[in-house]
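Below is a short note on the structure, set out as numbered points for discussion.

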Amino acid sequence: VIDEIKPLKMTADKTEQTLKYNKNAHYYGGGTQNGRFAHKDEIIKIVNENNWVDGGVASPNPFYWSTEGYGVLRHTFKPGVYDFGKTNGNQVKTSHEENRFDAFYFINKSYEGIIKDYYSLTGDPVVMPKFSLYQGHLNAYNRDYWVEVKEGTPGAIYFEEAKGWFKEFQPNQLGNQDGIKETLNAEPGDKNYPFSARAVIERYARNDMPLGWMLVNDGYGAGYGQEDTLEGNIENLRKFSIYAKENGVYTGLWTQSDLYPKDNIPALLQRDLPNEVEKGLVRVLKTDVAWVGPGYSFGLNGIADAAKVMKEKGNNARPFIISLDGWAGTQRYAGIWTGDQSGGEWEYIRFHIPTYIGTGLSGNPNISSDMDGIFRGGNSIINTRDYQWKTFTLVELNMDGWGSNPKTPFAFDGTTTDINRSYLKLKSKLVPYVYSISHEALNGKPVMRAMFIDHPDENVNYTKEVQYQFKFGDQFLIAPIYQNTKMDELGNDIRNNIYLPAGDQWIDYFTGEIYDGGQVLNNFSAPIWKLPVFVKNGAIIPVTDAHNNPNDIDTTMRQIDFYPHGETSFTLIEDDGETNAYKNGEKATTQIV
């Protein structure tokens, strides 16, 4: 199964292993290798580059595997380079920057079996709570000031509640201008209400948009309270969290600093995760580069500590942590996001499709990226195309406040808003299905799957020929619109090179048209409202009514979409454990089954 064709080469600062290269084999893994999932005849780096575009490495993992039936996990935190036949077509050469060699080998005939064996050593991936399957809104609400400006001013945003245009300024940019400081909590009619976190929740509701969670600080000079003490700020956070949860939204924090108080830090920037979770009712944590450092052991220990606190102080809450700079083992505590990129361009969608696929094949099924990027943007067509394909992913991050325009799903014209709403509603409708297939990842099958996982008998499914499509569980096939092919001014386009695996029939999810497998679809119609989505004939898909947050789910009614064809089955998993409902400051525990 595995053939070491040269002795280990060990020097003072490098250890190198050389294995036999099989021209019929394929190679996967290595963590989040942006823009890549298939590594045959390629070189990948196992190092945190903080290079967040195509070709960069965001969250490396010293784990790779081959279709020959083996996987290798190098037991190390040192940077490495893996050459899968690119330099020498007769060998696979892997090296790490250390004078020791320690590796685990997984021998298994099935691909998902190799990944499951990897989990048996490094830990099962966390299954995120149900509320994580709704879009999250992330911004800071306790640092900047807003100044009323004239319409057309660069960077100006119209606030309906204030009936005017305003521009955001950080404190050191304000100068002599009279600004209104943002805040977490404010009542309608208050001067700073339009610039509060509470107003965002009500904006989503007013626009009939699903919203499951919010991060209300960003760590870089923005805390979550305007009091002189840490205790006062946590009470401010609690007040917001109670209001948010009553509206079906969970509260989260971004951390750039420590998780525990330090005397030399101002109250505004103090952190106290145990009390933030227990008293402030925080249920989401996002870690950043400035906190996890270069990743490796420090980042892994950090998220392990955070997960323990969230469970112990959060009424046994399931940890929902989003991190960066991951490593082997990150999956048992956190999902990851791919870094800070710019939206408004096709490249942002294009390179993320194979990135998501490859991360799942590397042992972490919980992968995400910012909706339409954190920076730039401004293109309504690309915005809605990003919303469409990410309907069929797990976590949606709406990282607002840093781009050319707001990143909310209702930031553009009415047509874009309507389309975005329809896909967010579709995402909510599919929660029972998605929550169930999230558990399948525990058995080595990623949620977003490379085509060969479910269709191993066709060689094309192992290659880059299908790197711009994926399976979403076993029932859906998704082919995102990732480039301008023949697009008109309204965004209507076609999609080429959609491969439908042989042996099955595939149904256009939106029209019901049936296609036989074993063919490539070209010139497939994709008007601006339509993502190419196919359902395998025979599919059983548990759904619910479209809704806006977990509080709206009717748990007394079970709904299932059937596509009758032959004999098929689907395992529905409904138990999300304990969820916390807060009424008038009191905590009540309910069991949802």
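**Notes on the predicted model**

1. Asp208 is partly exposed, as its relative accessibility of 33% shows. The residue sits in the loop that runs between α2 (197–206) and β15 (213–215). The model is a predicted one, and in it the phi of Asp208 is near 55 degrees, a positive value in a residue other than glycine. Most residues other than glycine have a negative phi.

2. Asn497 also has a positive phi, near 60 degrees, and is likewise a residue other than glycine. Its place is the loop between β27 (493–495) and β28 (498–500). With 34% relative accessibility, Asn497 counts as partly exposed. A reader checking the backbone may wish to look at both loops.

3. How do helices α7 and α8 pack? Helix α7 covers residues 346–361 and helix α8 covers residues 380–389; the angle between them is about 15 degrees, and their axes are 9 Å apart. Angles under 35 degrees count as roughly parallel, and α7 and α8 are therefore roughly parallel to each other. Their crossing is right-handed.

4. Helix α7 also holds a salt bridge, in which the side chains of Arg350 and Glu347 meet at 2.8 Å, N to O. Both residues belong to helix α7 and are three residues apart, about one turn of the helix. Is Arg350 buried or exposed? Arg350 is buried, with a relative accessible area of 17%, because buried means under 20%. Glu347 is partly exposed, at 32% relative accessibility.

5. The search of the whole structure gives 28 salt bridges. Side chains of opposite charge can pair when their charged atoms come close. Which residues are linked in a network of salt bridges? The network is made up of Glu440, Lys445, Arg449, Asp454, Lys471, Asp474 and Lys536. Two of its pairs are described in the points that follow.

6. Within this network, the side chains of Asp454 and Lys445 meet in a salt bridge of 3.6 Å, N to O. Asp454 counts as buried, at 18% relative accessibility. Lys445 counts as partly exposed, at 24% relative accessibility. The pair thus joins a buried acidic residue to a partly exposed lysine, because the cut-off for buried is under 20% relative accessible area.

7. Lys471 and Asp474 form another salt bridge through their side chains, at 3.5 Å, N to O. What is the relative accessible area of Lys471? The value is 0%, and Lys471 is buried. Asp474, in contrast, is partly exposed, with a relative accessible area of 24%. Here the lysine is the buried partner, while the aspartate is partly exposed.

8. The last point concerns the surface. Val1, Ile2, Tyr105 and Ile107 make a nonpolar surface patch of about 360 Å². Ile107 is part of strand β9, which spans residues 103–107. At 47% relative accessibility, Ile107 counts as partly exposed, because exposed means over 50% relative accessible area.

Notes
Residues numbered from 1 in each chain as written. Predicted model: local features only at pLDDT ≥ 70, side-chain atom pairs only at ≥ 80, totals over all residues. Heavy atoms only, no water. Patch = residues over 30% accessible without salt bridge, like charges linked within 9 Å, V, L, I, M, F, W, Y side chains within 5 Å. Areas by Shrake-Rupley, 256 points an atom, 1.4 Å probe, with all protein chains shown as cover. Salt bridge = Lys/Arg side-chain N within 4 Å of Asp/Glu carboxyl O. Helix = DSSP H or I, 4+ residues; strand = E, 2+ residues; numbered from the N terminus. Buried < 20%, exposed > 50% of the residue type's maximum accessible area, 1.4 Å probe, protein only. Axes fitted to C-alpha atoms, helices over the stretch in contact; angles between N-to-C directions. Parallel < 35°, antiparallel > 145°, perpendicular 65-115°, else oblique. Left-handed = near helix turned anticlockwise from the far one by under 90°.
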